[in-house]
Structure formats: C-alpha cells, structure tokens
Amino acid sequence: MAEGIERVCEFLDEAGTYYLATAEGDQPRVRPFGTALLRNGRLYIQTGKVKAVSKQIAANPKVEICAYKDGKWLRIAGELAEDDDRAVKEAMLEKMPSLKGMYSPDDGNMQMLYFKNAEAVFSSFTAAPETVRF
Ligand SMILES: Cc1cc2nc3c(=O)[nH]c(=O)nc-3n(C[C@H](O)[C@H](O)[C@H](O)COP(=O)(O)O)c2cc1C
C-alpha cells in the first residue's frame, strides 16, 4: 500500500483537475489547477509568479485544495512554501511536458510550491473520512 502522501498525489493526478482556494484579505478566491508533483517526500504544485494566485499565497500561505473523482473527494488544507530548486522545476516539466510551452526553470516566473503542515482528508458518502498529514 502506497504511503499517505503518495495516495494524495495519485488522487490529484487521476482527478486531473483540482480547485485551489486562497484568501485575498477576507475574500476567498478559487480556480482550477492541475499540477501535482511528489518529490523528496513533498507534494508540490506549480504556478506563475505573475499570477494573482501567487501574490495571494505570498501574502497568506494558507490554502485549501479540493479534488473529486469516482464518488470520492479529497481536501488538502495547509500552507504553501516556495522551493526555487532548479531540479524540482525540471522534474515538474518532465512530468507535465505541456507546461514547457509556457514555463522554463530560468524564466523568473515558474514557481514551485510545496505543502507544509498539511492535512489531507479523503471523503465519500459511503465510508468514514480518512486523514493523512504531511
Ligand atoms: C484544467 C486547468 C488546470 C490548470 N492548472 C493550473 C496550474 O496547475 N497552475 C496554474 O498556475 N494555473 C493553472 N490553470 C490556470 C489557472 O486556473 C488560471 O491562470 C487562473 O486564472 C489563476 O488564478 P488567478 O487568476 O487567481 O491568479 C489551470 C486551468 C485549467 C482550466
């Protein structure tokens, strides 16, 4: 059986799209995301520094993700921290090559963010919730 964080990343991959919520002052913001990468025991997502979402995370790193697949949903609440490691950016571009048309490791825009103090909860209408922390 895969470790908890691996199951979390697999679920995001299989769902394909998840929704990332940030806070802008007292206003919640949410948008579709699809990037997910498990590396060095961390769950990463990817964005562009020019985006409002990146600026919101810089001001307040607390976020929540929700994904849905086959009658199950996953919510991940936690904080995002930036990792500027070039190797992590390259691994993201290798996993999702379609990003290469928009980002490169040295463009000053590509941003990798990983979860800290994360609580991931798998839920369904038929089974008890299952919590994973990482
Ligand atoms: C299916 C789908 C997946 C997406 N995945 C990402 C992603 O992983 N990272 C990203 O920065 N933008 C992604 N986007 C684009 C963002 O949703 C879009 O840029 C959004 O406007 C960003 O939020 P903001 O306007 O609050 O900055 C995706 C869009 C779609 C439709």
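This report describes a predicted model of a protein chain with a ligand, moving from the overall fold to the strands, the core, the ligand shell and a few single residues.

## Overall fold

The protein chain contains three helices and eight strands, and when these elements are read along the sequence they follow the pattern α-β-β-β-β-α-β-β-α-β-β. The C-alpha atoms fill a box of roughly 45 × 35 × 25 Å, taken along the principal axes. The radius of gyration of the protein chain is 14 Å, which agrees with a compact globule, because a globule of 134 residues would have a value near 14 Å.

Of the 134 residues in the protein chain, 25% count as buried. Contacts between residues at least 6 apart in sequence can also be sorted by how far apart the partners lie along the chain, and 61% of these contacts in the protein chain join residues at least 24 apart.

## How the strands pair

Several strand pairings can be followed from one strand to the next. Strand S1 (18-24) pairs with S5 in the antiparallel sense over four bridges, and within the structure Tyr18 stands opposite Ala67 in S5. Strand S5 (62-69) and strand S6 (72-82) pair in the antiparallel sense over eight bridges, and here the bridge partner of Ala67 is Leu74 in S6. Ala67 therefore appears in both descriptions, with Tyr18 as its partner in one and Leu74 as its partner in the other.

S6 in turn pairs with strand S7 (110-124) in the antiparallel sense over 10 bridges, and Lys72 has Ser124 in S7 as its bridge partner. S7 also pairs with S4, again in the antiparallel sense, over five bridges, where the bridge partner of Tyr44 is Tyr114 in S7. Finally, S7 and strand S8 (residues 130-133) pair in the antiparallel sense over four bridges, with Phe122 opposite Glu130 in S8, and these two strands form a hairpin with five residues between them.

## The nonpolar core

In soluble globular proteins, nonpolar side chains tend to be buried together. In this model the largest nonpolar core has 27 residues, of which Val8, Leu12, Leu43, Tyr44, Ile76 and Leu113 touch the most other members. The elements that give two or more residues to this core are helix H1 (4-15), S1, S3, S4, H2, S5, S6 and S7, and S7 gives the most, with six residues.

Leu12 offers a closer view of the packing: leaving aside its neighbours within four places in sequence, Leu12 is in contact with Tyr18, Ala36 and Ala67. Two of these partners, Tyr18 and Ala67, are the residues that stand opposite one another in the pairing described above.

## Around the ligand

The ligand is surrounded by 13 residues, and the closest are Gly34, Thr35, Thr47, Ala52 and Val53. By type, the residues of this shell divide into four nonpolar, six polar and three charged. Strand S2 (27-33), strand S4 (42-48) and helix H2 (52-59) each supply at least two residues of the shell, and S2 gives the most, with four residues.

Thr35, one of the closest residues to the ligand, also has a C-alpha atom separated by 9.2 Å from that of Lys95, although the two residues are 60 apart along the chain. Lys95 lies in helix H3 (residues 86-95) and counts as partly exposed because it has 16 C-beta neighbours inside 10 Å.

## Two residues with positive phi

Most residues other than glycine have a negative phi. Where, then, does Asn40 lie, with its positive phi? Asn40, whose phi is near 50°, lies in the loop between strand S3 (37-39) and S4, and it counts as exposed because it has 11 C-beta neighbours inside 10 Å, the cut-off for exposed being 12 or fewer.

Asp70 likewise has a positive phi, near 50°, and is found in the loop between S5 and S6. These two strands form a hairpin with two residues between them, and Asp70 is in the turn. Asp70 is exposed, because there are 9 other C-beta atoms within 10 Å.

Definitions and conventions. Residues numbered from 1 in each chain as written. Predicted model: local features only at pLDDT ≥ 70, side-chain atom pairs only at ≥ 80, totals over all residues. Near = placed C-beta within 6 Å. Nonpolar A, V, L, I, M, F, W, Y, C, P; charged D, E, K, R; others polar. Rg over C-alpha atoms; globule rule 2.2 N^0.38 Å. Buried ≥ 20, exposed ≤ 12 C-beta atoms within 10 Å, placed from the backbone. Contact = placed C-beta atoms within 7 Å. Core = buried A, V, L, I, M, F, W, Y, C linked by C-beta atoms within 7 Å. Pairing = 2+ DSSP bridges.
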